[in-house]
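User: I am new to this structure and would like a close look at a single part of it. Please take me slowly through the place where the metal is held, and set that part within the whole chain.

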Amino acid sequence: RAKENGRNQVQYYSRDFHEKIESRINLERDLKNAIQNNELVLYYQPQINTNDHSLAGVEALIRWNHPQLGLVPPDQFISIAEECDLINSIGRWVLDSACEQFSTWVRSYPDMDIVFSIAVNISAKQLRDKGLVEYLQQCIDNYNIPASRLEIELTESSLESSLVALDMLNALSASGIKLALDDFGTGYSSLSHLDDFPFDILKIDKKFIMSIEREEQAKLLKAVTNFAHSMDYETVAEGVETELQLEICKKLGINRLQGFYFSKPIPANEIEKAWF
Ligand code: C2E
Ligand code: MG
Ligand code: MG
Ligand code: MG
């Protein structure tokens with residue numbers, strides 16, 4: 001009987017594995033058509049100025065509205081896009097769409113000063129896209145966006161990869177676009193090396209914020225924040241979910257706050273309703 005069970009289990013796992021491969025193949029196939037089919041959508045999450053709780057900006061976060069699977073989060077398809085060479089086209093779609101949305105907001109809400117910024121994530125693989133700087137410049141020109149209102153986020157872990165072209169980052173920085181180091185504190189880049197890159201903003205990873213109740217974690221957050229400010233980086237706290245976390249971040253002088261305490265990522269029209 002045990003033997004039979006064992007055999008069933010093997011069959012079960014192998015079918016499971018087969019299904020996984022099949023679904024991966026299907027995802028890949030579907031993703032290739034996602035742009036043309038208008039299935040990609042940007043959600044936006046507010047960033048709040050710590051001092052007066054005004055809107056500092058929004059971060060664009062991609063979702064894939066799959067006809068059968070529903071809203072697929074980026075963690076489930078960005079790596080596929082990277083592996084099957086779709087990341088450049090998807091990445092360009094994201095940049096164009098975010099800039100277009102920003103310019104629409106600026107036109108539709110003339111009373112609102114352009115005091116907020118728009119942050120867009122890029123994958124390290126996009127730094128292989130030789131035309132990226134020019135493309136971004138075109139977006140800014142076409143939509144008439146002040147370069148300093150656009151922030152490009154790159155994760156700290158991507159700095160370890162040889163893909164990161166310092167030339168390209170320097171060119172982006174020279175054009176006036178702001179560069180943010182995302183998930184700061186989770187990679188293994190050395191602090192002495194950080195100064196070689198033209199980052200303006202450090203986004204302190206939510207890992208530091210979430211475990212803030214633990215004394216050692218609070219000390220760690222303090223050390224990271226002090227480091228960032230002494231190096232003249234602007235700071236953003238990710239993953240702020242509670243009042244206590246908010247208070248601690250405020251005390252530490254973290255410049256901007258982002259997290260579910262204020263809002264989840266939401267569609268553009270909901271941003272307007274809730275924040276403009
Ligand atoms: P990220 O850039 O670090 O974005 C923050 C993520 O944390 C978002 O997940 C957001 O929904 C989530 N988050 C925000 N506040 C809280 C909070 O208070 N608590 C918790 N638990 N989570 C919070 P999301 O939207 O699923 O995005 C995941 C990652 O996917 C992003 O992390 C980013 O690295 C990547 N990503 C998203 N959009 C794009 C894109 O357009 N291009 C590329 N290359 N990557 C993207
Ligand atoms: Mg980000
Ligand atoms: Mg992050
Ligand atoms: Mg992240």
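Analyst: What follows begins with the chain as a whole and then turns to the metal site and some residues of the loops.

The model is a predicted one, and its protein chain has 10 helices and nine strands. The radius of gyration of this chain is 21 Å, close to the 19 Å that the globule rule gives for 276 residues, so the chain is as compact as a globular protein of that length. Along the principal axes, its C-alpha atoms fill a box of roughly 70 × 50 × 40 Å. Of the 276 residues, 46% count as buried, and among contacts between residues at least 6 apart in sequence, 67% join residues at least 24 apart. The accessible surface comes to about 14500 Å², with 48% of it belonging to carbon and sulfur atoms. The chain carries 27 positive and 42 negative charges, and the mean positions of these two sets are 7 Å apart.

The part you ask about holds two magnesium ions, ligand 2 and ligand 3, which are 4.2 Å apart and are both coordinated by Asp 182. Around the magnesium ion (ligand 2), the coordinating residues are Glu 59 through OE, Asn 121 through OD1, Glu 153 through OE and Asp 182 through OD, at 2.0 to 2.2 Å. Along the sequence, these donor residues are spaced E-x61-N-x31-E-x28-D. Two of them show how this site links distant parts of the chain: Asn 121 belongs to strand β4 (residues 117–121) and Glu 153 to strand β5 (residues 150–155), and they are 32 residues apart. Asn 121 has a relative accessible area of 26% and is therefore partly exposed, whereas Glu 153, with a relative accessible area of 1%, is buried.

The magnesium ion (ligand 3) has as its protein donors Asp 182 (OD), Asp 183 (OD) and Glu 238 (OE), which lie 1.7 to 2.2 Å from the ion. The spacing of these donors along the chain is D-D-x54-E. Here too, distant parts of the chain are linked, with Asp 183 in strand β6 (residues 178–184) and Glu 238 in the loop between β8 (234–237) and α9 (243–251), 55 residues apart. Asp 183 counts as partly exposed because its relative accessibility is 23%, while Glu 238, at 8% relative accessibility, counts as buried.

From the metal site one can step to Gln 126, a residue in the loop between β4 and α4 (132–142). Gln 126 is buried, with a relative accessible area of 2%. Leaving aside its neighbours within four places in sequence, Gln 126 is in contact with several residues, among them Asn 121, Ile 87, Arg 92, Leu 132 and Met 168. Asn 121, in turn, is one of the residues that coordinate the magnesium ion (ligand 2).

Two other loop residues deserve a look for their backbone angles. His 53, in the loop between β1 (40–49) and β2 (55–66), has phi near 60°, a positive value in a residue other than glycine, and its relative accessible area of 33% makes this residue partly exposed. Asn 144 is placed in the loop between α4 and β5, and its phi, near 55°, is likewise a positive value in a residue other than glycine. With a relative accessible area of 67%, Asn 144 is exposed.

Conventions
Residues numbered from 1 in each chain as written. Chains lettered and ligands numbered in written order. Predicted model: local features only at pLDDT ≥ 70, side-chain atom pairs only at ≥ 80, totals over all residues. Heavy atoms only, no water. Helix = DSSP H or I, 4+ residues; strand = E, 2+ residues; numbered from the N terminus. Rg over C-alpha atoms; globule rule 2.2 N^0.38 Å. Buried < 20%, exposed > 50% of the residue type's maximum accessible area, 1.4 Å probe, protein only. Contact = heavy atoms within 4.5 Å. Areas by Shrake-Rupley, 256 points an atom, 1.4 Å probe, with all protein chains shown as cover. Lys, Arg positive; Asp, Glu negative; His and termini not counted. Charge placed at Lys NZ, Arg CZ, Asp CG, Glu CD. Donors = N, O, S within 2.8 Å, 3.2 Å for Na, K, Ca; no water.
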